[in-house]
Amino acid sequence: MSVPTRVNTVITALSLTFSLAITSAAASESTLTASLIQDVEQRQAAFSQIEKQQKQIDKALGNSSTDWSQLEVLSADLTVNSASLQHLFVQGSQLDSKAKDKVWDDNIQFKAALDKMNNSFIKMDSAIQQQDKNTAKDALKQANNTCRNCHRQYRSRW
Ligand code: HEC
């Protein structure tokens, strides 16, 4: 192999390695972006579900003849949705989101506010399992008191 040919071969090999590295970096970056967008969609879906289930539970608890098995199912679903939120506010997932920067700038306080809601729903869930209507109602009220306060601080209106 003449010297120029060898140099050429090395250059070709190097540039191939280099372009492969770029391609895989771009691929992992777009996977990351996709998963951040997915986080936004998942948390918005979780909040919408919570809003709906919370109303259904409120209505069911208001009935004089209580359907405890229906309540147990609704409450179990809501609790799963509520718990899922703790993993869905990943740093950087603001794109197409209504979450304010403050969610991440004041992350300790934000997480505490999320925990407050979540703990009230957990309390409601155990009360429902024990068929304790008054405690369930109180815990639901406590959970619903957290919505507006957190939105005012951490959710933009447009
Ligand atoms: C700890 C803060 C916090 C609490 C507590 C909270 N939210 Fe939210 N909520 C947010 C943030 C932040 C968003 C914006 C999410 C996004 O767009 O990424 C949001 C969005 C929503 C949305 C809009 C979903 C969409 O499709 O845009 C609904 C509905 C909602 N919340 C309902 C509730 C209800 C009901 C409660 C109380 C039971 C509640 N939230 C409690 C922070 C909170």
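Helix H4 (107-129) has a buried set made up of Met117, Ser120, Phe121, Met124, Asp125, Ala127 and Ile128. A residue is called buried here if 20 or more other C-beta atoms lie within 10 Å of its own, exposed if 12 or fewer do, and partly exposed in between, with C-beta atoms placed from the backbone. The structure is a predicted model, in which local features need pLDDT of at least 70 and side-chain atom pairs count only at pLDDT 80 or more, while totals for chains, interfaces and linings use all residues. Numbering starts from 1 along each chain as its sequence is written.

As for overall architecture, the protein chain has five helices and zero strands, giving the pattern α-α-α-α-α when read along the sequence. Helices (H or I, at least four residues) and strands (E, at least two) are DSSP runs, numbered from the N terminus. Of the 158 residues in the chain, 16% count as buried. Among contacts between residues at least 6 apart in sequence, 72% join residues at least 24 apart; two residues are in contact if their C-beta atoms, placed from the backbone, lie within 7 Å.

To return to H4, its buried residues pack against helix H2 (68-84) and H5. The length of H4 fits a simple expectation: at 1.5 Å a residue, its 23 residues should span 33 Å, and the end C-alpha atoms are 33 Å apart, which agrees. The expected span is 1.5 Å times one less than the number of residues in the helix. Glutamine 131, which follows H4, has a positive phi of about 55° although it is not a glycine. This glutamine lies in the loop between H4 and H5 and counts as exposed because it has 12 C-beta neighbours inside 10 Å.

Helix H5 (133-154) also has the expected length, since its 22 residues should span 32 Å at 1.5 Å a residue and its end C-alpha atoms are 32 Å apart. Its buried residues are Ala136, Ala139, Leu140, Ala143 and Tyr154. Seen down the axis of H5, these residues fall within an arc of 100°, so they line one face of the helix; the arc is that of the directions from the helix axis to the C-beta atoms. Turned away from this buried side is a face carrying the exposed residues Asn134, Lys141, Asn145, Arg148, Asn149 and Arg152. Alanine 143 shows how H5 meets its surroundings: leaving aside neighbours within four places in sequence, it is in contact with Met117, Ser120, Phe121 and Met124.

Helix H2 can be described in a similar way. Its 17 residues should span 24 Å at 1.5 Å a residue, and the end C-alpha atoms are 24 Å apart, which agrees. Leu71, Leu74, Ser75, Leu78, Asn81 and Ser82 are the buried residues of H2. They cover an arc of only 125° around the axis, which puts them on the same side of H2.

The largest nonpolar core has 14 residues, of which Met124, Ala136, Ala139, Leu140 and Ala143 touch the most other members. Such a core is a set of buried Ala, Val, Leu, Ile, Met, Phe, Trp, Tyr and Cys residues joined through C-beta atoms within 7 Å. H1, H2, H4 and H5 each give two or more residues to this core, and the largest share, five residues, comes from H4.

Two residues in the loop between H2 and helix H3 (102-105) deserve a look. Phenylalanine 89 lies in that loop and counts as buried because it has 20 C-beta neighbours inside 10 Å. Leaving aside neighbours within four places in sequence, phenylalanine 89 is in contact with Arg43, Ala99 and Val103. Phenylalanine 89 and valine 40 are 49 residues apart in sequence and 7.7 Å apart in space, C-alpha to C-alpha. Aspartate 96 lies in the loop between H2 and H3 too, but is exposed, with 10 other C-beta atoms within 10 Å. Its phi is positive, near 55°, in a residue other than glycine.

Finally, 24 residues surround the ligand, and the closest are Phe47, Ser97, Lys98, Cys147 and Cys150. A residue is near the molecule if its C-beta atom, placed from the backbone, lies within 6 Å of it. Helix H1 (3-62), H4 and H5 are the elements that give two or more residues to this shell, with the largest share, eight residues, coming from H1. By class, the shell has 13 nonpolar, seven polar and four charged residues, where Ala, Val, Leu, Ile, Met, Phe, Trp, Tyr, Cys and Pro count as nonpolar, Asp, Glu, Lys and Arg as charged, and the others, Gly among them, as polar.
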